Amino acid sequence: MVLLLSLLPLGSRAQRPADELSGRFRRPATHVGELIDYELSYRHSPTQEVIFPDSTADFAPFEFVARIYQPTRTRQGRSLDRTVYRLRTFALDSVQRLSLPVTVLQGADTLLLPAPEATIRLTRTAPEPTGGEPPVLRQNTDLVPVKAEFNYPYWLAGAGLLGLLALALVLGFGHRLRRRYQRYKLRKNHAYFLAQYARHIERFTLSRSLLNMERAITLWKNYLSVLESNTINSLTTREVVAHYQDDADVSMALRIADRVIYGNQFTDEEAETDLAFVLLRNFAERRYELVAAQRGD
């Protein structure tokens, strides 16, 4: 059985016939950095326990890349273990040598068996210099355009910093920012209400249409419902007046509106309906100022 483990400490050395343990390169030459295969094989008695070198062994002057091992094969009373090591070299020696040992376990003792030395030639791709002078170097100082790359680490660090800053702002000033946003939305809604309310009044004045007056009253109720978070838009005139504790302006304005809308009673002069619109608008202004003051505006 082949166990690919680290070499155990040397207990003793022994010699075996050369044809039983062999190591060889699968081709005679290589280039710098090129992958080459080194085959280590050992033919032995089936009763022997053998350990082949693993990636921690000394492969100098080569570098270990990978290994491919084969199961033990036993024929006619002899076992064969074989492992192929994939190596590469960056040394510049013309001839490079390698000898890997295998370890044989014999009870409490070990035998370290070095394989015969294998050699490989290094094929050079650069021309050999002629004469005693080194070759003249050609100078080239022209700038070569380099493609710009996206700097992910700096952008991620910047995004993380901005996220931390945003979190600090939310934790430190979140309440204040929310209050400012609420005040801004309050002012915006109030301005929108005044503009729409004035448009309905203008249409009523031009057309004397009860539908436009009814729309103005409905707009007024909806605005106050949103402003004060109540449900006066679903209440009757009497319930609205009671809700605002019999406010004189609200009471007078809504009664005028009811008489005009439901009783179809127009006065000769427009002063009465104009007064109703003014009273409702002034009341909405006062309620807005009250809510804004409560929210710190």
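**Reasoning through a predicted fold**

Reader: Glad to look at this with you! What makes the span of H5 agree with what its 24 residues should give?

Author: At 1.5 Å a residue, H5 should span 34 Å, and its end C-alpha atoms are 35 Å apart, so the two values agree. The expected span comes from 1.5 Å times one less than the number of residues. Do keep in mind that this is a predicted model.

Reader: Which residues of H5 are called buried, and what makes them so?

Author: Buried means under 20% relative accessible area. In H5 the residues that meet this are Thr273, Ala276, Phe277, Leu279, Leu280, Phe283, Ala284, Tyr288, Val291 and Ala292. An α-helix has 3.6 residues a turn, so residues three or four places apart point the same way.

Reader: How many aromatic pairs does the structure hold? And why is the pair of Phe25 and Tyr38 given the name it has?

Author: There are 12 aromatic pairs. For Phe25 and Tyr38, the ring centres are 5.3 Å apart and the planes stand at 65°. Centres within 6.5 Å make a pair, and planes over 60 degrees apart count as edge-to-face, so Phe25 and Tyr38 form an edge-to-face pair. Phe25 sits in strand E3 (residues 21–25) and Tyr38 in strand E5 (residues 36–44), so this pair ties together parts 13 residues apart in sequence. Both Phe25 and Tyr38 are buried.

Reader: And why is the pair of Trp220 and Phe283 called tilted?

Author: The ring centres of Trp220 and Phe283 are 6.1 Å apart, with the planes at 50°. That angle is neither under 30 degrees, as stacked would need, nor over 60, so the pair counts as tilted. The pair links distant parts of the chain, with Trp220 in helix H2 (residues 210–228) and Phe283 in helix H5 (residues 271–294), 63 residues apart. Trp220 and Phe283 are both buried. Elsewhere among the aromatic residues, Phe193, Tyr197, Phe204, Tyr223 and Phe277 form one cluster.

Reader: On to the strands. What makes E4 and E9 edge strands?

Author: The open sheet of three strands has the order E4-E12-E9. Strand E4 (29–30) and strand E9 (95–98) each pair on one side only, and that makes them the edges.

Reader: Why is the pairing in this sheet called mixed?

Author: Two strands pair if at least two bridges are found between them. E4 and E12 run parallel and are joined by two bridges, whereas E9 and strand E12 (residues 118–122) pair in the antiparallel sense over four bridges. With both senses present, the pairing is mixed. Thr30 stands opposite Leu122 in E12; Val95 has Arg121 as its bridge partner, and Gln96 has Ile120.

Reader: Which side chains of E12 are buried?

Author: Ala118, Ile120 and Leu122 point to one face and are buried, while Thr119 and Arg121 point to the other and are not. In a regular strand the side chains alternate between the two faces of the sheet.

Reader: What is the average pLDDT of the protein, and where is it below 50?

Author: The protein averages 84, and 88% of the residues score at least 70. Residues 1–19 fall below 50, although this stretch has 52 contacts beyond near neighbours in sequence in the model. Where pLDDT is low, the predicted coordinates should not be read in detail.

Technical notes: Residues numbered from 1 in each chain as written. Predicted model: local features only at pLDDT ≥ 70, side-chain atom pairs only at ≥ 80, totals over all residues. Heavy atoms only, no water. pLDDT = per-residue confidence, 0-100. Contact = heavy atoms within 4.5 Å. Buried < 20%, exposed > 50% of the residue type's maximum accessible area, 1.4 Å probe, protein only. Phe/Tyr/Trp six-rings, centres within 6.5 Å; stacked < 30°, edge-to-face > 60°.
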